[in-house]
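Q: Hi! I'm new to this one, could you walk me through it?
A: Happy to, let's open it up.

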Amino acid sequence: MSHAAGHSNVPALKMGVPIPNGKLGIWLFLGTEIMFFTAFIGTYIVLRLGSPGWPIDTAVTHINILAGGTNTFVLICSSVSVVLAHEAMLQRNYKKATNWIILTLALACVFLGIKTYEYYGKFAHDILPGHISEDRRQALDKLVRELDGAVGLAPLEAERNMLRNIQAVGKPPLTQTQAVRLAALDARNTALGTLAAYRQLKADAKEGTLSLEAAEEKLQALKAPDHPDIDKLKVSAAKQIEEIDAQLAQVPKDAEQKRADVQAQIDKLDSGNKFERRKLTAEQTDIDRQSTREKARLIGAKIELESLAAHPPSFARVHEPHVIKWGNTFASTYFLMTGFHALHVVIGMGMFAGIIWLGTSGRLGQQHCLVIENCGLYWHFVDLVWIFLFPLIYIV
Amino acid sequence: MSDPAAHAPAADSAPHDEHPHVNYWLVFLALCILTAASVVADMVRGKMGIMLLVLIVLTVATFKAMFVMMYFMHLKFEGKWKYVLLAPTMILALAIPAALMPDIGSHYYDVQVPQTKAAPAHDGEAGHEAPKPKH
């Protein structure tokens, strides 16, 4: 039988896929990447289908088609440059290959730059997951929160209440530091009392009697740096500072007077009445201590008022009360998809930086041909994901 | 549009290690034209229904993806292993969307969430909830 005649004629079994192991590895990795991104993109499509009234108005979502389109073009260019780098490697022209990779890295930087600009817009308009009001009540609640945030009211109010409680209980008494802080907070609170428009807007928003347009209009007025309330606040602070200065001048005089009164009592004492003398001397020391404490309290309040007058509360960063239905789901899916894509871009840039380092140090050789092909395959996949993200996020 | 494949050898006739010759600039041109087509479709969206727009841009995206995969990723010139390796991932990738679709994507019941509730009488601001559209 021929097959029994000689085993040596039987060709050796060829196992596996007829491609290099490295290439098989990157394709297996890309297979997992397909599942990773399809899960995001597919879920996004399903969420959109199940959310009637999904925000598509670019004036609301601040989606910029021009930025998205430019980024698509940039990524296509980078795909060409990386494939031409591989082509140059096959021609053993390593300098040319390095130059194409440098161009690819530069294009990746442009992509990330445009993405950063887009993300900046999202942060500036507070289009972030969990930050978006989806009905009128939420919008007004958010307005109240942000107004208080601009004045810094909530944490200061909490601190002031705590100190007042300690003062009311009296055991243990306020420490020197706490007394100074309470005086500063009281002074600040009095000055902030002049912000009538802010208080009115906040009260109306809390009540819910306000329409969103009216709230936005009032907020715009409040945002003006020359709002009359800010002037009133400065006047109030100046008046308080004047009073404090007067008190500061009076405190040592009062103390001096009290000391003199006690001294007169001491002088009247018999030389033998040591116990009473010691008691009155201690009283004098106490008068000095109290005077110092009072001065510290007044100076604390004065510094707080000066700082408030120099940096009055600004409402410039309070966001207009807008309602974006499904806005939070929109923002979540937007940041999830574009964020993970951007992360892949950054990883690709790291790979290119490594290749450029090899190329510029003259170490790039034929042994790196597969490395560049694999990096190229990864980069084309990144481009591929964007090819689908662009229409789904920016156009549809 | 001219076919960039015209410059490439037939898929099965080329062994994997033999380098295929593709005119990458033609592929690049095709991708640019297709991207521009998507943007133009967005610009004239008012003249067509949203469904037609979705159909156009997703078809364009699929063509772009095919160009990238076939010529840049050289899948046109690879062996049959590409189907064995990629087909299962494509199918498995649809598992999550398919699982979510019946409940999240389409409901046979009325969904009681704030976003779908009609605004109270006082809040009659449906037209004012957001700035007016640009288009």
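Q: How many residues does each chain put into the contact?
A: Chain B gives 50 residues and chain A gives 53, where residues are in contact if their C-beta atoms, placed from the backbone, lie within 7 Å. This is a predicted model, in which local features need pLDDT of at least 70, side-chain atom pairs count only at pLDDT 80 or more, and totals for chains, interfaces and linings use all residues. Residues are numbered from 1 along each chain as its sequence is written, while chains are lettered from A and ligands numbered from 1 in the order in which they are written.

Q: Which helix of chain B gives the most to the side that touches chain A?
A: That's α2(B), with 10 residues. Helices here are DSSP runs (H or I, at least four residues), numbered from the N terminus.

Q: And what classes of residue are on that side of chain B?
A: There are 32 nonpolar, 12 polar and six charged residues. Ala, Val, Leu, Ile, Met, Phe, Trp, Tyr, Cys and Pro count as nonpolar, Asp, Glu, Lys and Arg as charged, and the others, Gly among them, as polar.

Q: New topic: what are the domains of chain A?
A: The assignment, automatic or from a database, gives domain 1 (20-132 + 326-395) and domain 2 (136-310). Their centres, taken over C-alpha atoms, are 55 Å apart.

Q: Which residues of α8(A) meet α12(A)?
A: Among them are Gln176(A), Ala183(A) and Arg188(A), and the α12(A) side includes Arg293(A), Gly300(A) and Leu308(A). By class, that contact has 10 nonpolar, two polar and four charged residues.

Definitions and conventions. Contact = placed C-beta atoms within 7 Å. Helix = DSSP H or I, 4+ residues; strand = E, 2+ residues; numbered from the N terminus.
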